[in-house]
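User: I am new to this structure and would like a close look at one part of it. Please take the buried charged side chains and their partners, and then show how they sit beside the helices and the surface.

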Amino acid sequence: MIIDTHQHFWYYNPVNHDWIDNEMATIRRDFLPEDLKQVYKEHDITGCIAVQADQTLEENSFLLNLAAEHDFIKGVIGWVDFQSDSVQNELEYYSEMPLMKGYRHVVQGEPDNSFLLRKSFLNGISKLKNTGAVYEILVFSHQLPAVLEFIKLFPEQQFVIDHMAKPYIKEGYIDSWALLMRAIAKHENVSCKISGMITEADYKTWKTIDLMPYVNVVLEAFGPQRIVYGSDWPVCLVAGSYAQVLSVARDFAGQLSKEERELFFYKNAQRIYTI
């Protein structure tokens, strides 16, 4: 059994998806459940968590409707404006929907490296505690100092770091990222997705050996009980196939025991996302 904890669906729109630059032109098209269902059939993937790619409430409806129509979509990570005066009402509204598993904000796109520590944002995050929802942290590695301070403020909130906080694999930088990831991992309410690696490496020349030092830092820091598998499909397609992403995950998991592999590939996801 494998649960893919990170993938996206969209009807491509050049305005809403302006983050898809020219280097990523191959994914400037629609990606829908019918596309992913065939990929999952080929690779024996049980199900997935669909993650927002557009910061609108309409995106939540789009993904929740897809999840209601397709059993293999086990849950949704959506978006609300945590700085809005209406955040409490919106969280209450979505808390009635079992398929809404959590939320994220595209913090990596914020020019303010301390965005997570804004009082208005912190106030919104504080409203999550009664919903049971996960908050997923999407940042670049240079934003990790703010992440460390942020998670300290919410010791009872379940956090998941997306894409290992996007280390600079292409450039080969690891030390400062590793130092901060180890500090963050000391907080047991934080888990980490083993995802998004090949798109942080060189799209054309990456090799599995380039990725392993980073994945091993995450394993050492978070342990097998707080890591989950994610493909980042279809974004991953700019650097490799789904088969290649899964192969990297399986190569990494080769150092784990049978029980630890089960945790990584599905049991941790079942616990974190209550699926």
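Analyst: What follows starts with the salt bridges, then turns to two helices, a surface patch and a few unusual backbone angles.

The model is a predicted one. Over the whole structure, a search finds 9 salt bridges. Lys193 takes part in a salt bridge with Glu136, with 2.8 Å from N to O. Lys193 belongs to strand β7 and Glu136 to strand β5 (residues 134-137), so this pair ties together parts that lie 57 residues apart in sequence. Lys193 is buried, and its relative accessible area is 0%. Glu136 is likewise buried, with a relative accessible area of 0%.

Lys193 also meets Asp162 in a salt bridge, at 3.6 Å from N to O. Here too the pair links distant parts of the chain: Asp162 sits in the loop between β6 (159-161) and α6 (175-185), while Lys193 is in strand β7, 31 residues apart. Both Asp162 and Lys193 are buried.

A further salt bridge joins Lys267 and Glu262, at 3.4 Å from N to O. Salt bridges with shared partners also join Arg104, Glu136, Asp162 and Lys193 into one network. As for the cover over the other pair, Lys267 counts as partly exposed, at 37% relative accessibility. Glu262 has a relative accessible area of 17% and is buried, because buried means under 20%.

Another buried acidic residue is Glu200, with a relative accessible area of 16%. Glu200 is placed in the loop between β7 (190-194) and α7 (208-222). Its C-alpha atom is separated by 6.9 Å from that of Pro167, although Glu200 and Pro167 are 33 residues apart along the chain.

The helices can be read by their buried and exposed sides. An α-helix has 3.6 residues a turn, so residues three or four places apart point the same way. In helix α1, the buried residues are Pro33, Leu36, Val39, Tyr40 and His43. Seen down the axis of α1, these buried residues fall within an arc of 125 degrees, so they line one face of the helix. Glu34, Lys37, Lys41 and Glu42 are exposed on the other side of α1.

Helix α3 (residues 87-95) has Val87, Glu90, Leu91 and Tyr94 as its buried residues. Viewed down the axis of α3, they fall within an arc of 100 degrees, so one face of the helix is lined by them. The face of α3 turned away from that buried side carries the exposed residues Asn89 and Tyr93.

Back at α1, some acidic residues belong to a surface patch. Asp30, Glu34, Asp35 and Glu69 form a negative surface patch. Of these, Asp35 has its place in helix α1 (residues 33-43). Asp35 is partly exposed, with a relative accessible area of 33%. That value lets Asp35 count towards the patch, because patches are made of residues with over 30% relative accessible area and no salt bridge. Glu34, another member of the patch, is among the exposed residues of α1.

The backbone has some less common angles. Most residues other than glycine have a negative phi, and most peptide bonds are trans. Asp44 has a phi near 60 degrees, which is a positive value in a residue other than glycine. Asp44 is in the loop between α1 and β2 (47-51). With a relative accessible area of 62%, Asp44 is exposed.

Thr274 is not a glycine either, yet it has a positive phi of about 45 degrees. Thr274 lies in the segment after α9 (258-272). Its relative accessible area is 58%, and Thr274 is exposed. The peptide bond from Trp233 to Pro234 is cis, with omega near 5 degrees. Pro234 is in the loop between β8 (227-229) and α8 (242-253).

To return to the part you asked about, Lys193 has salt bridges to Glu136 and to Asp162. Lys193 and Asp162 are both buried, and Glu136 is buried as well.

How values were computed
Residues numbered from 1 in each chain as written. Predicted model: local features only at pLDDT ≥ 70, side-chain atom pairs only at ≥ 80, totals over all residues. Heavy atoms only, no water. Patch = residues over 30% accessible without salt bridge, like charges linked within 9 Å, V, L, I, M, F, W, Y side chains within 5 Å. Areas by Shrake-Rupley, 256 points an atom, 1.4 Å probe, with all protein chains shown as cover. Salt bridge = Lys/Arg side-chain N within 4 Å of Asp/Glu carboxyl O. Lys, Arg positive; Asp, Glu negative; His and termini not counted. Charge placed at Lys NZ, Arg CZ, Asp CG, Glu CD. Helix = DSSP H or I, 4+ residues; strand = E, 2+ residues; numbered from the N terminus. Buried < 20%, exposed > 50% of the residue type's maximum accessible area, 1.4 Å probe, protein only. Arc of directions from axis to C-beta.
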